[in-house]
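The following exercises concern the packing of helices and the arrangement of strands. Please study the sequence and the structure before reading the solutions.

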Amino acid sequence: MATESNGAPAGAPAPQDPKTSSASAPAKTPAAAPAAAANPEKLTPAQLKAKAKAEKAARRAKVIETKAAVAAATPAKEAGKGKGKQDGQPPQSKQHRGSMSGRRPSIGGPLIEKEKDARSGIPECFSHVPMAKRVQLSQTHKDVDPAVLVAGQQMAAFAIKDSISRLEATLLAFKKVIESYETPKGNSLSRHLVPHVLNPQIEYLTECRPMCFAMGNAIRLLKTKINSFDINDPEDETKEELLEWIDTMINERIKLAEYLIARNAAGLIEEGEKVLTYGRHRLVEKTLLKAKEIGKTFDVTIIDDPYERGGQTLAKTLRQAGINVLYSPNLGGLRPKVAGATNVILGGEAIFANGSLNAASGTADVAMAGQNAGAKVTVLCETINFERERVSVDALTYNEIDPERNTAECFRLLYDNTQDKYISGVVTEFESGGGNSPAQAILALLRMREDPQIA
């Protein structure tokens, strides 16, 4: 048989070195590649391995090239997003997040979108409950006085929180409005001041934060006072009388009422008694300090609001005055804490015509626990906070949503409702029954306030 010089049979393919074939496989010309694909049976295992490596390297190169192209196109997409914002169209990513959360994208501008987002997580059954909000100055009525603008912004930001502080700020702002007021020609103060001047101020304050009961009562009394003037009364004398009336309201219904309530309630604290309170209320703080001032010895337990933490400040103030204080940061373990108390003193935001108490959230829990433990539950409240026409049996009708703790997952109500059966007595600025009157007697107290001749 004829053989080649290398010893292989004639006509058979010459054997190849694996290293040589591996190195030469990627260097095949394009014309040779189809031939190899058409005759795969002629490729040795080493050639197939080299071919696989070449294909893998080509795929990697293609992936790298694709990533480079995407990175190069990114600035153009970002520019497109910015253009969409200028045209009033929100970016696609924000639209996608909105659709995932069940919200519709806003088409009314940034202010409307912000307002919708603030209440988007509130269930439909609580949609009637109002919430404080920051009102843009550009959206306010042109006739709103600067003093009222400042008061409204402070209320919306909760720099002024409790009802009496808001009442005082409102009356002082109205004083500025009346001082700068001039009756237009052809009008009278008694007919022009309320609809054209005061009403825009009231609407602005209400838009910033829902009006509290003290503000509503005072504004109603102020309007009644203005309407009582004769159209022919001199403007200067009328304005002077209105300013004096506002000063009297502040002095009698706020400052004097605070002093009398603290004095009356301090007289109800007995020597060696264990007093319990919730959070920090200014009337309760004044009462405890007054009781210490007149020489009484007692202990105080403070159960704090876990969100406001006002009880910490009250605890520091009482300790500096020499009062023994036990502080609890929340309502956990409420029953054993209340069990040792003999007098539960609470502050109220308002009292309704049926005797129910409107107060900071958590007050109802403390009142019910105290009543069940056999302690007397005393509420401190000014008569300007009494509501003579409306009643309340739950906390869902007259309330507010806390704007600082309102998210898509949960929200918090600022107030709760305590039924009159859990209240032993109410201390007001009147010395009726030693300063302690039943909660159901507020209508009689109001009549006595309006007509002192009533026995």
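**Exercise 1: Two helices in contact**

The crossing of α9 and α10 is right-handed. The model in which this is examined is predicted.

Task: Determine at what angle helix α9 and helix α10 pack, and how they are oriented.

Solution. Helix α9 spans residues 213-227 and helix α10 spans residues 235-266. They pack at an angle of about 150°, and their axes are 11 Å apart. Angles over 145 degrees count as roughly antiparallel; therefore α9 is roughly antiparallel to α10.

Task: State which residues of the two helices meet, and classify them.

Solution. From α9, the residues in contact are Ala218, Leu221, Leu222, Lys225 and Ile226. Their counterparts in α10 are Glu241, Leu242, Trp245, Met249 and Arg253. Sorted by class, this contact comprises seven nonpolar and three charged residues, with no polar ones.

**Exercise 2: The sheet**

Task: Give the order of the strands and identify the edges.

Solution. Six strands make up an open sheet, in the order β3-β2-β1-β4-β7-β9, with parallel pairing. The strands β3 (324-328) and β9 (425-427) are the edges, since each pairs on one side only. From one strand to the next, the twist averages 25°.

Task: Describe how strand β7 is joined to β9.

Solution. Strand β7 covers residues 376-380 and runs parallel to β9, to which three bridges join it. Threonine 378 has glycine 425 in β9 as its bridge partner.

Task: Name the strands across which helix α12 lies.

Solution. Helix α12 (residues 310-320) lies across β1 (274-278), β2 (299-303) and β3. Relative to β3, helix α12 runs at about 165°.

How values were computed. Residues numbered from 1 in each chain as written. Predicted model: local features only at pLDDT ≥ 70, side-chain atom pairs only at ≥ 80, totals over all residues. Heavy atoms only, no water. Axes fitted to C-alpha atoms, helices over the stretch in contact; angles between N-to-C directions. Helix = DSSP H or I, 4+ residues; strand = E, 2+ residues; numbered from the N terminus. Parallel < 35°, antiparallel > 145°, perpendicular 65-115°, else oblique. Left-handed = near helix turned anticlockwise from the far one by under 90°. Contact = heavy atoms within 4.5 Å. Nonpolar A, V, L, I, M, F, W, Y, C, P; charged D, E, K, R; others polar. Pairing = 2+ DSSP bridges.
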